[in-house]
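Let's take a walk through this one together, with the model open beside the text. Keep the viewer handy, since we'll be hopping between spots.

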Amino acid sequence: MTAPQTTRKQSPIAQAWLIMYNVAMTAGWLVIGLGIVNHFYKHRTHKGLYRQVEKQLLFFQTAAIFEIIHAATGIVRSNVMLTTMQVFSRVGIVWGVIQPVAQVHNTEGIPMLMVAWTITEIIRYLYYTFMLLGTTPYIVVWLRYSLFTVLYPLGVSGELLSIYNSLKPVRDSQMYSLFLPNQLNFSIDYHIVLIGTIPFYFIFFPQLYFHMFAQRKKALGLGPPPSPKKTN
Amino acid sequence: MELQILDSKTKQKLCTLERISSNTTIDSIKEIYQRKFPNYYPERQSFKSSPKGKLLKGSETLSELNLGAEGVLYFKDLGPQVGWSTVFYCEYTGPLFVYLLFYFRLPYIYDSKFAFTSSPDDVVHLAAICHSFHYMKRVLETKFVHRFSHGTMPIKNLFRNCSYYWSFAAWMAYYINHPLYTPATFGTMQICSGLAVFVLCELGNLSIHLAFRSLRPSGSTQRKIPTATGNPFTLLFNFVSCPNYTYEFGSWVGFAVMTQTLPVFIFAFVGFGQMAIWALAKHRNYKKEFSNYPRSRKAILPIVL
């Protein structure tokens, strides 16, 4: 979750675009949410869930790439590097682990990350929409800065589980891999690449999680009041 | 005058220096400070006249800074420092050794049946010579050619730089010396042209380094506009501010074509990216410093960048 977007001296086109973007994303993830609820109501199992929501997930999660452009062009005040890392990690999981590896679709990590991502994104895009419109109901702020405490670990666990479940099928199929000999004199074993991403979760999760707690304190006004300026 | 030294971050008073004359330089302040705090050798000290101001130059005097009768200077610890030469020696000798580990196919790198074997392809031996020559040249230039305008850099740069050079050397060496290495698709013609580009660019790079050295008198940090000398390789100065980087990129492209190895291309482009950043900054500084700087010159790539 990046810093709240602020509209400084915004061009009206930029503002209009951002409002449309965030409204569309809120709607998209709501549709995914309804799809999840509907699936569980009808089938009472996580099996088949991914296939049910696949098209919407691929579309709306990939659309998040726009947020990198927003940060890069400055129409949203967010750190470009941070935004890029977050978006790429989501897009990476979706296109690199889930979509291409059918054996992962019915594993337990999928409903975990789907629930975590869906709730998180609905609230996040709703929050941005309200910020752009000028008034943000406290409940939205509270939800955004409180649900992460449960959803973030849930989502990360779902992702790690999905990566783990993809390892054997990836190794067996040798997908996305290049072996010697070849004319590029280069090799890449996708199975090893996936294993290589796992430590990064453990490195970054604590930092990001506790950073969110700090953000929460600021956003909900829970910290000590700022000290008055010292006069000498 | 009396000089108070405060920490630039915490604003706490670190010490007071008494009876300092107003024509004392920052360099002298650093020596005095070291006598009070022996752990802080001058290279890791930095002073500013305001907490968020610029670092003060060693040659500036207190009177130039307008500190008033009760002066305050802000101190920042730059952290443990290491000399530029030291860093260069470490980062350049590493690749020499690392590459040879793979060239000689030490055990446990490749399949055990290939341990200590030799490649049948001539280009693999040529590559080992070129790679070793490149880094040997760098080591010798560090000893005999380069004149550094800064004495030291923070020690974490040593680890970062060595990781970069040593890892890339290992990555390239692994594939070039692999038992399953595939020589150039276009055969001898490709290998020879790659080699020719490599050799010419190595000579070019050396020529530029020598030209830079003769530009700056020994012991000084004076800067002048670089221009072409009698050496034809230096004619590239007419087109770019940092032809040494241009030639360096050229060397690695030549080496990449010669060995037809993707990791070498990647190394060439990553290196180019970093050198482009440095070249653009140097180019900007030249233009700021010299009002008569040739306007048709680019930073690193003739006409283009």
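What follows goes from the nonpolar cores to a pocket, then to the chain contact and a few backbone details.

Bear in mind that this is a predicted model. A good place to begin is the largest nonpolar core, which has 48 residues. Within this core, Trp29(A), Met114(A) and Trp117(A) have the most contacts. Quite a few helices chip in: H1 (12–43), H2 (49–63), H4, H5, H6 (138–146), H7 and H8 of chain A each supply at least two residues. The largest share, 9 residues, comes from H5(A). If you centre the view on Met114(A), you'll find that it touches Ile32(A), Ile36(A), Leu49(A), Val53(A) and Leu57(A), leaving aside residues up to four places away in sequence. There is also a second, separate core, this one of 41 residues, and among them are Tyr165(B), Phe168(B), Ala184(B) and Ala279(B).

Now for the second largest pocket, whose volume is about 1,100 Å³. It is lined by 41 residues, and the closest to its centre are Met85(A), Gln86(A), Ser89(A), Tyr152(A) and Glu159(A). Which helices of chain A give two or more residues to this lining? They are H4 (80–98), H5 (109–133), H7 (148–173) and H8 (190–219). Sorted by class, the lining has 24 nonpolar residues, 12 polar ones and 5 charged ones.

Next, look at where the chains meet. Chain B brings 12 residues to the contact, and chain A brings 8. Together the two chains bury about 920 Å² between them, with carbon and sulfur atoms giving 57% of that area. On the chain B side, the residues that lose the most area to chain A are Tyr175(B), Leu180(B) and Leu262(B), which together make up 51% of what that side buries.

Finally, some backbone details. The peptide bond from Leu180(A) to Pro181(A) is cis, with omega near -10°, and Pro181(A) sits in the loop between H7 and H8 of chain A.

Two arginines are worth a visit as well. Arg44(A) is not a glycine, yet it has a positive phi of about 55°; you'll find Arg44(A) in the loop between H1 and H2 of chain A. Arg105(B) also has a positive phi, about 50°, without being a glycine, and it lies in the loop between H2 (84–103) and H3 (122–144) of chain B. Are these arginines buried or exposed? Arg44(A) is exposed, with a relative accessible area of 66%, whereas Arg105(B) counts as buried at 5% relative accessibility.

Definitions and conventions: Residues are numbered from 1 along each chain as its sequence is written. Chains are lettered from A and ligands numbered from 1 in the order in which they are written. This is a predicted model: local features need pLDDT of at least 70, side-chain atom pairs count only at pLDDT 80 or more; totals for chains, interfaces and linings use all residues. Side-chain values use heavy atoms; hydrogens and water are left out. On a 1 Å grid over the protein atoms alone, a cavity is a set of points where a 1.4 Å probe fits but cannot get out, and a pocket is an open set with protein on both sides within 12 Å along at least five of seven lines; lining residues have an atom within 4 Å of a point. Grid points are joined across faces, edges and corners, and a volume is the space filled by probe spheres set on the points. Helices (H or I, at least four residues) and strands (E, at least two) are DSSP runs, numbered from the N terminus. Ala, Val, Leu, Ile, Met, Phe, Trp, Tyr, Cys and Pro count as nonpolar, Asp, Glu, Lys and Arg as charged, and the others, Gly among them, as polar. A nonpolar core is a set of buried Ala, Val, Leu, Ile, Met, Phe, Trp, Tyr and Cys residues joined through side-chain atoms within 4.5 Å. Buried means under 20% relative accessible area, exposed over 50%, partly exposed in between (1.4 Å probe, protein chains only). Contact means heavy atoms within 4.5 Å. Buried area is the accessible area (1.4 Å probe) that two parts lose on being put together, summed over both.
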